[in-house]
Amino acid sequence: MKKKSVVQESMSKEPSALLMGDVVDAVYNEQTVSIYRDNPLIEPLPPTLSEEEQGMALICSPDYDEEERNLPPHDRIHLTLSLFDIFKPWHIHTDIFSKFERLIRGGLRHRNPLSPKHFRDVNSKVEALRRGEPFKEKSRRSKLAGFTFLGTPGMGKTSTIEEILLWFPQVICHTHYKGKDFIFKQIVWLKLDCPYDGSIKGLVLSFFKAIDSLLGTDYYSRYCKDKRAARDMVPDMARIAAIHCIGVLVVDEIQFLSKLKSGGHEEMLDFFVELRNRMQIPVVLVGTPRAKSILSRKMHQTRRGAGLGDAVWEPMDLDECWDLFVESIWKYQYTTQVSPLTRKLKNALHEESFGIIDFAVKIYMLAQIRAIVSGVEKITVGMIRSAAKDDLNLPGPMLKALRAKDWDALEDYEDIFIDKESFIKKIHRKLMDQNINVASPETQAEQEQSDSEEDTTQPEQNSADEMQEGKGGSTSLQVAESETQSFDVDFTGKSLLEIASFKAEDGSTPYHKSLVEAGYVRSPV
């Protein structure tokens, strides 16, 4: 049965959600991998999974009953909310899952609280950290520092991380190991949000409150006294993290570090390096592309953050992964008429959402609601386009800039990362695969920077734009287009009424039918 997260508000003035997993008693299992044997911290962990098993562990498919399509419209509208419960993993999810499996075990390999020297080493390291002195290692230590996971908002970074973490127990309670008393509470993982102001003190306070919530301790009252400086509390945080052998510390919303004044973010990043290096606690940093410039400023921080390889999650391409994603949500239809999934529908949903998962799910839901309310009771390209145009008002300008590849406009959206050069090369490869003669990516890049009106290769650039966006450049405005006809007409900047009027005058689509397909007029049938 799939685990569900438990959200608990902290006691701070600005409460944040704390992800809480399972608390279990230790059951020690024989390890297949030799380097993990005879370790009381690793043996109680769930067994490692194959890629297929990882996918099955993460997948979430809500129940669907076709008979519910016969319910009254006002009930079926509520059923569309089930779309938000779907979790369909693909390769990037299993890649992150595998990273966590290796990171947690690798970080625990050389930590053993049964050894008398374990706590002596912890105390020595903490005191050296408090004095700002280096600590000479006298034993082996893990070199798995962690990794960085950046991605466009709406792609599901946080939900992916949380689903993976919840697969592991969060707290393991030990009592005996190999016939010896072993009273110990092990924290396998801890997920914190970077404070909105990006301050170290805010993170430290959140840490102690989280530990107290998990273990019932009183660390917060002991270490977080009034007016105590963050630099004085950091060594205590490192001590508690090491004492409870935290397997991995995940810090989300790391882009908030950009709010700190000059040099402030470097202090926070140096602190993460200390946790990784000195205390042997792997740290995973999660955030939006806004954090990229901050994380890349110091070479040693970048290198440490890439211990298992960075993960950068950009909007989905129009490829087989997109097809699998759309197929996974398409069966959840609550219109009275079932709309088979066609290539045109897949393409329209991708174009209107730009491959951003959250937008795609919302547009699909809104298109269904529009079809139900209007009485059309069928999902069409027109429904998808009109729902995106009229119901996504706030992200509309951003999506328009993405579709138009308006690099200047995209500069205003720090959380959106689109590699311009990579994007152009990707489009070029797609066109070459279709045997379309286009200029090289390098030539196209030069063309975009040129203001010359005499550019003889401009038609070829337009050809690349048309392949990505559809004929006429701005197909997101071709709202009332039917699935069986296409028009060699530029509808850029035209309203729905203007588009419908043109089709009526052209004789291709009755005026009333165009408005019905767009969801603006209720079907008389």
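Colleague: How many of the 11 residues of helix H13 are buried?

Modeller: This is a predicted model, in which local features need pLDDT of at least 70 and side-chain atom pairs count only at pLDDT 80 or more, while totals for chains, interfaces and linings use all residues. Residues are numbered from 1 along each chain as its sequence is written, and side-chain values use heavy atoms, with hydrogens and water left out. Helices (H or I, at least four residues) and strands (E, at least two) are DSSP runs numbered from the N terminus, and a residue is called buried under 20% relative accessible area, exposed over 50% and partly exposed in between (1.4 Å probe, protein chains only). H13 is largely enclosed by the rest of the structure, because the number of its residues that are buried is eight.

Colleague: Just after H13, which residue takes a positive phi of about 55 degrees?

Modeller: Most residues other than glycine have a negative phi. The residue in question is not a glycine, yet its phi is positive, at about 55 degrees. In the loop between H13 and helix H14 (357–374), this buried residue, with a relative accessible area of 9%, is Phe 354.

Colleague: And which residue has a positive phi in the loop between strand S8 and helix H9?

Modeller: The loop in question runs between S8 (248–252) and H9 (264–277). The residue there is partly exposed, with a relative accessible area of 26%. With a positive phi of about 55 degrees although it is not a glycine, it is Glu 253.

Colleague: How many salt bridges does the count come to?

Modeller: A salt bridge here is a side-chain nitrogen of Lys or Arg within 4 Å of a carboxyl oxygen of Asp or Glu. One of them joins the side chains of Arg 222 and Asp 218, with N to O at 3.1 Å; Arg 222 is partly exposed at 44% relative accessible area, and Asp 218 is partly exposed at 40%. By this rule, the count of salt bridges comes to 16.

Colleague: Which residue forms a salt bridge with Arg 228?

Modeller: Arg 228 itself counts as partly exposed, at 23% relative accessibility, whereas its partner counts as buried at 4%. The closest N and O atoms of the pair are 2.8 Å apart, and the partner is Asp 236.

Colleague: How many residues apart in sequence are the parts tied together by Lys 346 and Asp 323?

Modeller: The side chains of Lys 346 and Asp 323 meet in a salt bridge of 3.7 Å, N to O. Since Lys 346 lies in H13 (residues 343–353) and Asp 323 in helix H12 (residues 320–330), the pair ties together parts whose separation in sequence, in residues, is 23.

Colleague: Is Asp 323 buried or exposed, given the cut-offs above?

Modeller: Its partner Lys 346 is buried, with a relative accessible area of 9%. At 14% relative accessibility, Asp 323 also counts as buried.

Colleague: Which residues are joined into one network?

Modeller: The network comes about through salt bridges that share partners. Its members are Glu 162, Lys 191, Asp 193 and Asp 252.

Colleague: Which residues of H1 are exposed on the other side from the buried ones?

Modeller: In H1 (51–58), the residues Gln 54, Gly 55, Ala 57 and Leu 58 are buried. They lie on the same side of H1, because they cover an arc of only 160 degrees around the axis, the arc being that of the directions from the helix axis to the C-beta atoms. On the other side of H1, the exposed residues are Glu 52 and Met 56.

Colleague: How far apart in space are Leu 83 and Pro 62, C-alpha to C-alpha?

Modeller: Leu 83 is found in the loop between helix H2 and helix H3 (91–108), where it is buried, with a relative accessible area of 2%. Leu 83 and Pro 62 are 21 residues apart in sequence, while their C-alpha atoms lie at a separation of 8.2 Å.

Colleague: What separates the C-alpha atoms of Asn 39 and Tyr 28?

Modeller: Asn 39 is found in the loop between strand S3 (23–25) and H1, and it is buried, with a relative accessible area of 5%. Along the chain, Asn 39 and Tyr 28 are 11 residues apart, and the separation of their C-alpha atoms is 9.3 Å.
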